[in-house]
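This report describes the annotated spans, one selected residue, a bent helix and the internal spaces of a protein model. Please consult the sequence and structure shown here while reading.

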Amino acid sequence: MDYTTLKLIWWALLLLLLLGFVVLDGVDLGVAMLLPLVSKDDEDRRLVINSVGPVWEGNQVWLIAAAGALFAAWPLVYAAAFSVLYVPMVVLLLGLFLRPVGFDYRSKLADPVWRRWWDRALVTGGLLPTLILGAALALVMQGLPFRFDNALRLHYGPFVLHAGFIAAVMGCVLLTLLLHGASFLQGKVTGVPARRARGAAILLGPLSSLLYLLCGWLLLGIPGYALGTALDTHMVLTPADKLVVPAPDGWLANYLSHPLLWLVPLGGLLLPLVSSLAAWFIRPRLGVLASAFSCVAMLGSVAIALFPFVLPSSLDPASSLTLWDGTSSYRTLAIMLGVSMILLPVNLGYTVWVYRVVRGRLDRDHIRRHGHQLY
C-alpha cells in the first residue's frame, strides 16, 4: 500500500469516527435536550433518561477514538485545531462531564429539588456540546486564524467571524440532533414522552432542512481555497510545500466538477423531511434511520466541500492543512491502520451487541419494577 492510499484511508477513517459519534452520541445529546420538553413528571423523566442509559457511555468512545486518531494520524491538524479552539473545547468537555454525574447522581435521592437540578445538568450537558460542535464546524469552514513559520512553529491571529453563518450552522446542528433524539424516543418509550417526541419530530424536520438550506446559501459568501500546484502525494510534505489560491467557486468547486456529489447535500436537505413524515405516519424505525442518515449526509457534505483541505487557515491560506501535508509518516499511518483494523471492528461489534440486547420499548411499569437498578 502506497503513502497516498494510506493518507486517503486515514481521511476516510477519521470521517467514519466523527460520523459514528454524531449518529450514536447525537441521539444521547438530543434526548438530553428534550428531557424537560417531553416529560410531565418524574417517572416520565426517568423513562427518557433510561432510554439511553445503557448506551451513552459507549457512544462517547467514538469521540475519544476520533481525537486519538487525529493526534496519531494528523498531528499538525491536532496541534492547530486544539490550540485555536482551546476554550470551546474546554467548554465542550465540561458539558460532556455533566452527563455522567447527572446520570449517576440524579436518582441517589428522591428529593424533587435534587432531581430538578440534575435534570438541568443533563440538559446543559446535551446543549453545550451541541452548540460548541456546531460553532466549531462553522469556524473550520470559514478558516481558523493560524499560520506556520519556516520552522513550522504555530502563530495565531484574531478571528474573522461570519456571525450569520456561524449562527445558522449552530442552529442547524441543534435542530438536527433534536430531531434525531425525538425520532429515537418515539420508538423507544411509551406514553406521554413518546407522543410528545413524535410531535417534536414532525415539527423539527422542516426546520432542520430550512436551516441547512440557509447554511448552504450563506456558504456562498465564505471564501474557499484550491491547491495552486500539483503535489507529489507519495512524499512527506509540509505546509510550506504547496501553493494555495482562492477558489473562484468557493467551497462548491468539488460539487461543480463532480455533479453526482450533489446527491450528498440533497440527502441532507430531504432526509429530515423524511424523518418528519415517518413520525407523522408513526413509523419510528424509518424516522430514526432517516434522521441518522441526515446527520451522515450533512457532515459528509462538509467533508466533500473542504476536500482535500482538512483545516483551512484564514490568517495565511498557504498554511491551510490538507490530508496530503498534515499527516504523520508512512510507518506511523501503517501501524495505526493495523491497530484500527483490530479495535474498530471490536467497537462496532460491541455497539451492535448492546443495541440488540436493549432493543424494545420502555414503559412506566419497567421503571417501577426495576427502579433500584436504573438511573
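The UniProt annotation "transmembrane region", from an unreviewed entry, covers residues 63–96, 117–139, 159–179, 200–220, 260–282, 289–310 and 330–355. UniProt positions follow the numbering used here, feature names are shortened, and annotations may be inferred rather than shown by experiment. The model is predicted, so local features need pLDDT of at least 70 and side-chain atom pairs count only at pLDDT 80 or more, while totals for chains, interfaces and linings use all residues. Residues are numbered from 1 along each chain as its sequence is written, and side-chain values use heavy atoms, with hydrogens and water left out.

Two of the annotated spans are summarised below.

| Span | Distance between end C-alpha atoms | Helix | Strand |
|---|---|---|---|
| Residues 117–139 | 32 Å | 100% | 0% |
| Residues 330–355 | 37 Å | 100% | 0% |

Helices (H or I, at least four residues) and strands (E, at least two) are DSSP runs numbered from the N terminus.

Gly126 is placed in helix 6 (residues 112–142). Gly126 counts as buried (under 20% relative accessible area, 1.4 Å probe, protein chains only) because its relative accessibility is 0%. Beyond its neighbours within four places in sequence, Gly126 is in contact with Leu29, Ala32 and Met33, contact meaning heavy atoms within 4.5 Å. The C-alpha atom of Gly126 is separated by 19 Å from that of Ile166, 40 residues apart along the chain.

Helix 8 (residues 192–219) has 28 residues and should span 40 Å at 1.5 Å a residue, which agrees with its end C-alpha atoms being 40 Å apart. The expected span is 1.5 Å times one less than the number of residues. Helix 8 bends by about 30 degrees at Leu204, and Pro206 follows within four residues; the bend is the angle between axes fitted to the seven residues ending there and the seven starting there.

A search of the whole structure finds two cavities of 30 Å³ or more. A cavity is a set of points on a 1 Å grid over the protein atoms alone where a 1.4 Å probe fits but cannot get out, and lining residues have an atom within 4 Å of a point. The largest cavity holds about 90 Å³, a volume being the space filled by probe spheres set on grid points joined across faces, edges and corners. Its lining includes Asp28, Ala32, Arg99 and Leu122. Helix 1 gives the most to this lining, with four residues.

Technical notes. Buried < 20%, exposed > 50% of the residue type's maximum accessible area, 1.4 Å probe, protein only. 1 Å grid on protein atoms, 1.4 Å probe; cavity = no way out; pocket = protein on both sides within 12 Å on 5 of 7 lines; lining within 4 Å.
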